[in-house]
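Let's take a walk through this structure together, from the inside to the surface and back again. Please keep the model open beside you as you read.

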Amino acid sequence: MASQTLAMPRAYEERGLLSWLTTVDHKRIGILYILGAGFFALIGGLEALLIRTQLAVPNNRVLVGETYNQVLTMHGTTMVFLVVMPVLAGLGNYVVPLMIGARDMAYPRLNAFGVWMFWLGGLFLNLSFLLGGAPDAGWFGYAPLTAKTFSRGTGIDFWILGLQLLGISSITSSINFVATILLLRAPGLSLNRLPLFAWTTMVTAFLILFAMPSISAALFLLFLDRHLGTHFFNPAAGGDPLLWQHLFWFFGHPEVYIMILPAMGIVSEVLPVFSRKPLFGYTAVAYSSVAIGFIGFTVWAHHMFAVGLPDVVNAFFSAASMLVAVPTAIKVFNWIATIWGGAVRYRTPFLFAAAFVALFVIGGLSGLFLAAVPVDWQVTDTYFVVAHFHYTLFGGSMFAIVAGIYYWFPKITGRFLDERLGRLHFALQFIGFNLTFFPMHFLGLAGMPRRIYTYAPGLGWEGLNLLATVGAFILALGFVVFFINIARGLTAGEPAPADPWDGHTLEWLTSSPPPAYNFARIPVVHSRRPAWDLKYTGNPHPQLIEGIAEGNDRQDKGEDAPTEPIHLPSPSIWPLIIAAGLTLFALGLVTHWIFIPVGVILFALGMARWATQPLFPEAHEAHEA
């Protein structure tokens, strides 16, 4: 009787708003991450346009003084913590379980808790604009600018607690990725056959787990300094402001690879498919990701060359910063070799992925300049640095993310994005990006400092600043076209088959969009390109294809029953309740104490119900019977 009960799957998807608030389905959670990142990207993009408008001409008065500092701080914080990281987490949530042949993530409720912590943490952070002013000490929060003496309002407190909430989201997501990729792979899918996006997602998860405690500790100490009279970062009382920089950048430079490694994984998936050949040097690309992760923890102090560290320390971090270029170059040469000689299809995903390679190389080369200590002394805290990190993180991560969205949009929605609008979007984004950020190299060499809100005429900066501002608006227009394309694709896009790109990996073996259970039968993997090999080189297990085809046929006919017994976890509202409790508790610490007990009650209730609610109700009932 129990086995019969267990064979009755929850093989359908709930409908309505409540189903989204209670979902534990990795695909819906991935969509929630992506939607949230898109929402905050609109805010961060508007902040960027305000910054560039202010700097377009000398002595401008669009944003002045503290207001400019608030917008600048929130732009950097938003783009790093609320856009790039979560959209990569969203793509990973949706795609990685499909890539490895899993039913779901290893911890579905923890996964739901992570996405709600991201949404509420982001809203909490932006609430600071309405409740006393946003943080204004830069996204890096250097001491002593964040001390009560210099930041008297609540903006820095919102920043501290908002980043702590977002850190909880990142840690829970990383635990899930590590457990899922290591434990839930399909039969035959060894680590040496793992898709590159899954590889880079796993390495990134380890980076977060090792790096996040550093910034969490720094934020905790800063909160104590501001509210309990400690002096960890106050030099007048024996503290050390450089302690903040060490703790922050020990997180902050692995953070660069946290944002770029999954993007490299996306490019490693897109380029082979559209070049119609295997990825050149799979093993080198996979293990260079691990090498980047290790070396990434040895370079943090290259952000601190100008603070007076001993020469031997500067020399070590300079050498390590140059060394990280080696595994990165391995990837670049392998991507070029993949394209070389291929039967390339110049579709929109390929265009963005190829642009990633070119733009990231520019950012990497400027990074080598900054790794040389004497050069860094000359250009640190100038717009040369702004150009560098935008070429690596925007020209790098964002171009790859857009490539991934165009690539997997048919799988997620069952519809294509419009190719003509996609090419227009690419042209505007590529031209606008380079017009915006390439002139900043020359502005930095001409001595324009970072973080200034105005400048005098006659310094030779006017023309390049105006050009950068024009480029920023062209770039923004490109994203307007992108969002129009997405809206059109969701409502009137051309229907997409299960395998629209003739893909290589397992996600292309199920329907578009996939059913709740992902696969009618769990695939058995025999190579690094299982989908390709099953289609073109023969299949030693023909019943596998028959099972997948049968499941897809049932899905197409509206018959949600799979071809083998499947059991999926039930929805739960308690992850959202716990996240709301933590957010209200944080709000109470900053605004009014009444929110603290409300937050504690919600948190305790959520934890109690989470612990007592069966993950698989049908299995629990069968056991009781």
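What follows is a tour of the cores, a surface patch, some buried residues and a few ring pairs.

Bear in mind as you look around that this is a predicted model. A good place to begin is the largest nonpolar core, which has 171 residues. Those with the most contacts inside this core are Phe81, Leu194, Trp244, Trp335, Phe356, Phe399 and Trp408. Helix 4, spanning residues 66-99, gives the most to the core, with 19 residues. Besides this one there is a second, separate core of five residues, including Tyr517, Ala520, Ile566 and Leu568.

Now zoom in on Trp408. If you set aside its neighbours within four places in sequence, Trp408 is in contact with Leu91, Val95, Met99, Phe197, Ile266, Glu507 and Trp508.

Next, turn to the surface. A nonpolar patch of about 540 Å² is made there by Leu182, Leu183, Leu184, Leu191, Phe206 and Phe210. Helix 6 (155-183) and helix 7 (196-227) are the elements that give two or more residues to the patch. Take Leu182, which sits in helix 6. Its relative accessibility is 36%, so Leu182 counts as partly exposed.

Back inside, two residues with polar side chains deserve a visit. Is His425 buried or exposed? This histidine lies in helix 15, residues 419-445, and counts as buried because its relative accessibility is 0%. Leaving out neighbours within four places in sequence, His425 is in contact with Phe352, Val402, Tyr406, Gly478, Phe479, Val481 and Phe482.

The other is Asp376, found in helix 13 (residues 373-379). With 5% relative accessibility, Asp376 also counts as buried. Beyond its neighbours within four places in sequence, Asp376 is in contact with His302, Phe305, Phe369 and Leu370. The C-alpha atom of Asp376 is 9.6 Å from that of Met304, although these residues are 72 apart along the chain.

Let's finish with the rings. How many aromatic pairs does the structure hold? There are 51 of them. One involves Phe394 and Phe399: the ring centres are 6.5 Å apart and the planes meet at 70°, so this pair is edge-to-face. Both of these residues are buried, and Phe399 has already appeared among those with the most contacts inside the largest core.

Phe433 and Phe437 give a tilted pair, 5.1 Å centre to centre with 45° between the planes. Because these phenylalanines are four residues apart in helix 15, about one helical turn separates them. Phe433 and Phe437 are both buried.

Terms used:
Residues are numbered from 1 along each chain as its sequence is written. This is a predicted model: local features need pLDDT of at least 70, side-chain atom pairs count only at pLDDT 80 or more; totals for chains, interfaces and linings use all residues. Side-chain values use heavy atoms; hydrogens and water are left out. A nonpolar core is a set of buried Ala, Val, Leu, Ile, Met, Phe, Trp, Tyr and Cys residues joined through side-chain atoms within 4.5 Å. Buried means under 20% relative accessible area, exposed over 50%, partly exposed in between (1.4 Å probe, protein chains only). Contact means heavy atoms within 4.5 Å. Patches are made of residues with over 30% relative accessible area and no salt bridge: like charges are joined within 9 Å, nonpolar side chains (Val, Leu, Ile, Met, Phe, Trp, Tyr) within 5 Å. Accessible areas come from the Shrake-Rupley method with a 1.4 Å probe; for residues, only the protein chains shown count as cover. A salt bridge is a side-chain nitrogen of Lys or Arg within 4 Å of a carboxyl oxygen of Asp or Glu. Rings of Phe, Tyr and Trp (its six-membered ring) pair if their centres lie within 6.5 Å; planes under 30 degrees apart count as stacked, over 60 as edge-to-face and the rest as tilted.
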